[in-house]
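Visitor: I'm new to this one and would like a close look at a single helix and what surrounds it. Could you walk me through it slowly?

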Amino acid sequence: MKIYTIGVFGSTEQQFFAKLVENKIDTFCDIRQRRGVRGSEYAFVNSNYLQHKLAEMDIKYGHIIELAPTTEIREKQKAVDLANGERKRDRTQLGHTFITEYKKHIENYDFDALVSHLDDIGANRVVFFCVEQYASACHRSIVAEELCNRYNYEVTHL
């Protein structure tokens, strides 16, 4: 199995879905807490539209809410962003507090069950999705790192 991560900020609808096709993604794991984005610019990743589009592309979709950061963790990062005068959409790195708190949040997550499920459904090229443009600015990088460390999967950030 190969692991990918993808964000949406900075992409058009065409660019976003082209990355999935170009990398032959067969399974899409949405790890957002809230599966919507405000405004029309990124409406194509709002849950209903996204799921419909992925089904048309024959890409399996799953929402893994347990891997989403809690509201409290997100608020701590928001405070760091505010202190740095940085918008979420412009962030390039996660803060230390977010990383520490998020790792605590997922320390008891059953990654073995996730990998087993992905194997059972025949997943070969799995992408983990959240909104930030840069993987380093998003919890999806931590999930990918965990999968790499535990199972030695190759990880590519799209």
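Visitor: Which exposed residues are carried by the face of α2 turned away from its buried side?

Guide: Before we look, keep in mind that this is a predicted model, in which local features need pLDDT of at least 70 and side-chain atom pairs count only at pLDDT 80 or more, while totals for chains, interfaces and linings use all residues. Residues are numbered from 1 along each chain as its sequence is written, and side-chain values use heavy atoms, with hydrogens and water left out.

Now to your helix. The face of α2 turned away from its buried side carries Asn48, His52, Ala55 and Glu56, where exposed means over 50% relative accessible area, buried under 20% and partly exposed in between, using a 1.4 Å probe and protein chains only. Helices here are DSSP runs of H or I with at least four residues, strands are runs of E with at least two, and both are numbered from the N terminus.

Turn α2 around and you get its other side. The helix covers residues 47–56, and Ser47, Leu50 and Leu54 are its buried residues. These three sit on the same side of α2, because they cover an arc of only 70° around the axis, the arc being that of the directions from the helix axis to the C-beta atoms. There's a simple rule in the background: an α-helix has 3.6 residues a turn, so residues three or four places apart point the same way.

What does that buried side meet? The buried residues of α2 pack against α1 (13–22), β2 (27–30), β3 (60–63) and β4, with contact meaning heavy atoms within 4.5 Å.

Follow the chain out of α2 and you come to Asp58, just after the helix, with a positive phi of about 60°. Asp58 has that positive phi although it is not a glycine. Its place is the loop between α2 and β3, and with a relative accessible area of 65% it is exposed.

For a companion to Asp58, look at the end of α6. Just after that helix comes Asn152, also with a positive phi of about 60°. Asn152 lies in the loop between α6 and β5, and at 67% relative accessibility it counts as exposed.

While we're there, α6 has a buried set of its own: Arg140, Ser141, Ile142, Val143, Ala144 and Leu147. These pack against β1 (2–6), α4 (96–106), α5, β4 and β5 (154–157). So α6 and your α2 share a neighbour, since the buried residues of each pack against β4.

One of those partners of α6 is worth a pause. Helix α5 (residues 111–120) packs with α6 (residues 140–151) at an angle of about 85°, and their axes are 11 Å apart. That makes α5 roughly perpendicular to α6, a label for angles of 65 to 115 degrees, with under 35 being roughly parallel, over 145 roughly antiparallel and the rest oblique. On the α5 side the contact uses Phe111, Asp112 and Val115, and on the α6 side Val143, Glu146, Leu147, Arg150 and Tyr151.

Last stop: Ala137, in the loop between β4 (125–129) and α6. Ala137 counts as buried, at 0% relative accessibility. Leaving out residues up to four places away in sequence, Ala137 touches Arg91, Thr92, Gln93, Leu94 and Glu132.

Technical notes
Axes are lines fitted to C-alpha atoms, for helices over the stretch in contact, and angles run from 0 to 180 degrees between N-to-C directions.
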